[in-house]
Amino acid sequence: MTAHDSKLGDTDDKIFVGKGDEQAWLTLALANRHGLVTGATGTGKTVSLQVLAEGFARAGVPVFAADIKGDLSGISELGEAKDFILKRATEMGLTFQPDQFSTVFWDVFGEQGHPVRATVTEMGPLLLARMLDLNDVQEGVLNVAFRVADDSGLTLIDMKDLRALLDAIVPDSGKKGADAEEDPLAPIRKAAQGFGNVTKATVGAIQRQLLVLENQGGTKFFGEPALMLKDFMKTDRDGRGMVNILVADKLMESPRLYATFLLWLLSELFEELPEAGDLPKPKLVFFFDEAHLLFNDAPKALLDKIEQVVRLIRSKGVGVYFVTQNPIDVPDKVLAQLGGRVQHALRAFTPRDQKAVAAAAQTFRPNPKLDTAKVITELGKGEALVSFLEGNGTPSMVERVMIRPPSARIGPITPDERKAIMAASPVKGKYDTAVDSESAYEMLQKRIADTAATADSPAGGSGSGILGQIGSIVGTIFGTNVKRGRLSTGQVIARDVTRSVTNQVIGGMAANIGKSVGGQLGGSIGRTLVRGALGGLLRR
């Protein structure tokens with residue numbers, strides 16, 4: 001908190017957030033130390049989020065924000081000089097200047113924004129197990145499936161790839177005789193069993209959970225073209241950061257998909273971005289609304305991963321800001337990593353509410369002038385307790401401030417305005433049409449089809465294709481194609497010599513054919529030829 005010019009506004013290195021007895025500033029160089037925006041419903045969290053997003057965009061920092069209710073979409077349109085906005089700006093010493101910001105809309109379902117897709121491989125077994133709500137045994141089998149896919153060169157892109165792979169690793173319990181057809185997926189099944197006991201029941205349970213995810217719209221999320229994260233990290237022609245808004249109203253109907261998607265984005269950034277150290281301003285800032293969904297019922301392994309990513313992604317130049325109702329929604333290990341706090345009003349109607357108020361008060365650096373716990377319950381709409389990091393990286397004393405009014409529109413845009421923005425989008429056409437590349441599903445189907453075609457081709461007396469033609473020729477030479485009855489001259493001669501020469505002559509023909517086909521499959525064709533083409537003759 002520092003004093004500043006009477007005409008308050010963002011500077012090259014700070015974002016003006018609000019004003020009370022002191023002024024609240026967010027230092028850009030410390031913005032990658034993350035933050036937390038909390039408060040009860042209707043207390044002004046979305047406006048605070050918009051003020052921060054506008055400040056980052058003005059400073060040339062790209063922003064990604066999940067828009068749960070659609071209210072944040074107004075950032076793309078020019079602000080309106082309404083009476084309450086002008087009044088608040090005047091009280092703060094601000095000159096209200098309507099503004100708007102370059103915006104790209106994204107939508108997992110592709111309805112109100114560009115489709116957002118990831119491949120199954122990119123998601124990985126840990127996050128996918130979280131999305132499917134699998135138990136430990138089922139998660140173990142899913143890990144086996146991914147390992148087998150890697151070892152077998154099977155690319156996992158969409159849901160049908162994963163389903164086909166799971167079908168392929170199910171053990172074949174049927175007993176087969178010596179003449180049974182070869183199982184084209186036997187090597188995959190054997191590889192899966194090599195990593196542990198993969199049962200049909202467990203795979204079936206995973207398949208049922210996949211169906212639940214598909215019914216929630218998860219099918220649209222997995223596929224290609226997959227999202228390239230660099231498309232989030234762009235500036236417009238004026239040097240301002242692009243504001244990327246994830247339309248999440250429908251996505252929130254599938255909270256587990258929503259939470260896993262956001263965590264995947266964070267993990268991908270962590271994996272892809274190089275180390276950057278402390279920069280004058282972040283490369284990208286994320287706002288995760290309804291952040292408690294990330295942590296609800298999350299297993300310890302996943303919580304550890306979230307804590308690790310939040311702790312380390314700072315060095316990649318990325319700031320993460322969680323938006324939720326209560327600070328107790330965020331695990332302590334994660335909460336400890338959040339340097340900036342904007343706390344709107346909480347209501348202490350229940351024991352849990354009272355616990356939340358006490359927890360929120362304890363997370364601030366005390367101010368002798370304020371009874372923090374008491375003030376939290378007294379804050380009006382648009383007011384907040386604020387503490388950001390100071391120049392040496394320590395939290396400032398908590399201050400009660402009125403949040404500045406946004407410069408862009410407050411509230412949602414119209415469908416026509418959204419269409420106009422989509423039509424002028426810098427990524428128009430890049431993600432809008434799905435592509436179904438050859439991947440695990442097609443590869444496995446091809447293996448099955450090839451084996452089936454090979455097995456079917458010599459069936460019957462003459463079969464089809466080249467094997468059928470050979471059988472027909474041999475049958476004609478030895479008279480086996482004529483009607484039964486009196487033996488022909490050729491048959492009489494043939495009966496005397498066939499048993500001594502057939503296996504040598506026809507066996508040699510079959511071996512040559514087998515070599516052209518290759519390997520064990522070729523040998524099988526040779527044996528089938530002898531049985532099929534000459535079976536009738538040898539039985540005479």
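Which residues of E9 lie on one side and which on the other, and are they buried or exposed? Val318, Val320, Phe322 and Thr324 sit on one side of E9, Gly319, Tyr321 and Val323 sit on the other, and all of them are buried, which leaves both faces covered. Let's see how this strand fits into its surroundings, keeping in mind that the model is predicted.

**A strand among strands**

Strand E9 covers residues 318–324, and seven of its seven residues are buried, so the strand is largely enclosed by the rest of the structure. To see its neighbours, look at the sheet: it is open, has 12 strands and mixed pairing, and follows the order E2-E1-E12-E11-E10-E3-E9-E8-E4-E7-E5-E6. In that order, E9 stands between E3 and E8. Strands of a sheet pair through backbone hydrogen bonds, either parallel or antiparallel. Here are three of the pairs in this sheet, each with one facing pair of residues.

| Strands | Sense | Bridges | Facing residues |
|---|---|---|---|
| E3 and E9 | parallel | four bridges | glycine 35 and tyrosine 321 |
| E8 and E9 | parallel | six bridges | phenylalanine 286 and valine 320 |
| E5 and E6 | parallel | two bridges | aspartate 107 and proline 115 |

Strand E3 spans residues 35–38, while strand E8 spans residues 284–289.

**The edges of the sheet**

Follow the order outwards and you reach the edge strands, E2 (23–27) and E6 (114–115), each of which pairs on one side only. Helix H15, made of residues 415–423, packs on the sheet and touches E5, E6 and strand E7 (243–247). The direction of H15 makes about 100 degrees with that of E5.

**An enclosed helix**

Helix H9 runs over residues 255–272, which gives it 18 residues. From its first C-alpha to its last, H9 reaches 26 Å, close to the 26 Å expected at 1.5 Å a residue. Of the 18 residues of H9, 14 are buried, so this helix is largely enclosed by the rest of the structure.

**How far to trust the picture**

The protein chain has an average pLDDT of 82, and 81% of the residues score at least 70. Among the elements, strand E5 (residues 103–107) has the highest mean pLDDT, 97, whereas helix H20 (residues 535–538) has the lowest, 31. Residues 1–7 have a pLDDT below 50, and this stretch makes 19 contacts in the model beyond near neighbours in sequence. Residues 460–468 also have a pLDDT below 50, with 15 contacts beyond near neighbours in sequence. Where pLDDT is low, the predicted coordinates should not be read in detail.

Notes:
Residues numbered from 1 in each chain as written. Predicted model: local features only at pLDDT ≥ 70, side-chain atom pairs only at ≥ 80, totals over all residues. Heavy atoms only, no water. pLDDT = per-residue confidence, 0-100. Contact = heavy atoms within 4.5 Å. Expected span 1.5 Å × (residues − 1). Buried < 20%, exposed > 50% of the residue type's maximum accessible area, 1.4 Å probe, protein only. Pairing = 2+ DSSP bridges. Axes fitted to C-alpha atoms, helices over the stretch in contact; angles between N-to-C directions.
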